[in-house]
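Q: I am new to this structure and would love a close look at a single part of it. Could you walk me through that part slowly and explain the terms as they come up?
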Amino acid sequence: RWLAVQMGTGVERRGLHFASSSIWAASAALLIAAAYVGIAASGLYDTHVSHGLLWIAFATVPSSALLVEQASLIGIGRSGKVGLLNLGENVLRSAIGIALIATGFDVLVVIAVFTLVRWATAGIGFRMVCAEIGPLDWRRPFAELLALRTVVPRFLGIMVCALALRNAALVILPSLAN
């Protein structure tokens with residue numbers, strides 16, 4: 001919400017807010033990915049589940065990018081583009097997932113395809129934002145990171161909790177089965 005408000009009010013700083021928020025979100029996502037990799041490597045789960053967790057770890061960075069892209073597009077008044085982006089991803093993932101399951105592919109293949117579609121969606125979302133705000137200067141956001149340090153811990157915590165809750169079943173359910 002903070003990013004959406006910033007994108008809507010500070011036209012001249014949109015690129016800076018977008019790039020800085022992307023860096024913070026990717027940093028949080030990498031922490032979450034490291035946790036998934038650690039769980040996968042812990043030996044708590046069989047190889048099949050561990051491989052699934054590795055694919056999920058690989059999906060955390062584009063998921064964080066997509067959250068920043070969606071907030072940015074909403075903030076600049078392009079919620080219709082967010083809807084199209086989400087619809088496109090959901091339709092594509094559903095169609096491919098159904099086709100893979102119907103033809104007998106393993107669930108890991110479905111997870112892998114979902115992850116690759118997420119990466120593609122994040123890439124498309126990035127291009128959508130850049131088309132709206134112009135090219136980004138990636139040198140300046142690192143200076144802006146210090147200015148955001150007062151709000152980031154709260155948002156980092158929120159993002160970590162949201163992603164942990166969203167994916168908790170994938171981690172917990174396999175340990176409950178024998």
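Which residue caps the N-terminal end of α5, and how far does its side-chain oxygen lie from the backbone nitrogen of L108?

A: Happy to help! A word on the source: this is a predicted model, in which local features need pLDDT of at least 70 and side-chain atom pairs count only at pLDDT 80 or more, while totals for chains, interfaces and linings use all residues. Residues are numbered from 1 along each chain as its sequence is written, and side-chain values use heavy atoms, with hydrogens and water left out.

The capping residue is D106: one of its side-chain oxygens lies 3.0 Å from the backbone nitrogen of L108, at the N-terminal end of α5. Such a polar contact is a pair of N or O atoms within 3.5 Å; within protein, one must be able to donate a hydrogen and the other to accept it, and residues adjacent in sequence count only if both atoms are side-chain atoms.

Now for the helix itself. Helix α5 covers residues 107-133, and at 1.5 Å a residue its 27 residues should span 39 Å, which agrees with the 39 Å between its end C-alpha atoms. (The expected span is 1.5 Å times one less than the number of residues.) After α5 comes G134, with a positive phi near 95°.

Where does α5 fit in the chain? The protein chain has seven helices and zero strands; helices (H or I, at least four residues) and strands (E, at least two) are DSSP runs, numbered from the N terminus. Of its 178 residues, 40% count as buried, where buried means under 20% relative accessible area, exposed over 50%, and partly exposed in between (1.4 Å probe, protein chains only).

Next, the links from α5 to α4. E132 and K81 meet through their side chains in a salt bridge (2.8 Å, N to O); the term means a side-chain nitrogen of Lys or Arg within 4 Å of a carboxyl oxygen of Asp or Glu. Since E132 lies in helix α5 and K81 in helix α4 (residues 79-102), the pair ties together parts that are 51 residues apart in sequence. Both ends are partly exposed: E132 has a relative accessible area of 24%, and K81 has 30%.

E89 makes another link, a salt bridge with R118 in which the closest N and O atoms are 2.6 Å apart. E89 lies in helix α4 and R118 in helix α5, so this pair ties together parts that are 29 residues apart in sequence. Both E89 and R118 are buried. Salt bridges that share partners also join R78, K81 and E132 into one network.

E89 has a further partner, R93, with a salt bridge of 3.7 Å, N to O. R93 and E89 are four residues apart in helix α4, so about one helical turn separates them. R93, like E89, is buried. In total, the structure holds four salt bridges.

Finally, the surface of α5. L116 is found in this helix and is partly exposed, with a relative accessible area of 47%. Together with F58 and W119, L116 makes a nonpolar surface patch of about 290 Å². Patches are made of residues with over 30% relative accessible area and no salt bridge, with like charges joined within 9 Å and nonpolar side chains (Val, Leu, Ile, Met, Phe, Trp, Tyr) within 5 Å; the areas come from the Shrake-Rupley method with a 1.4 Å probe, and for residues, only the protein chains shown count as cover.
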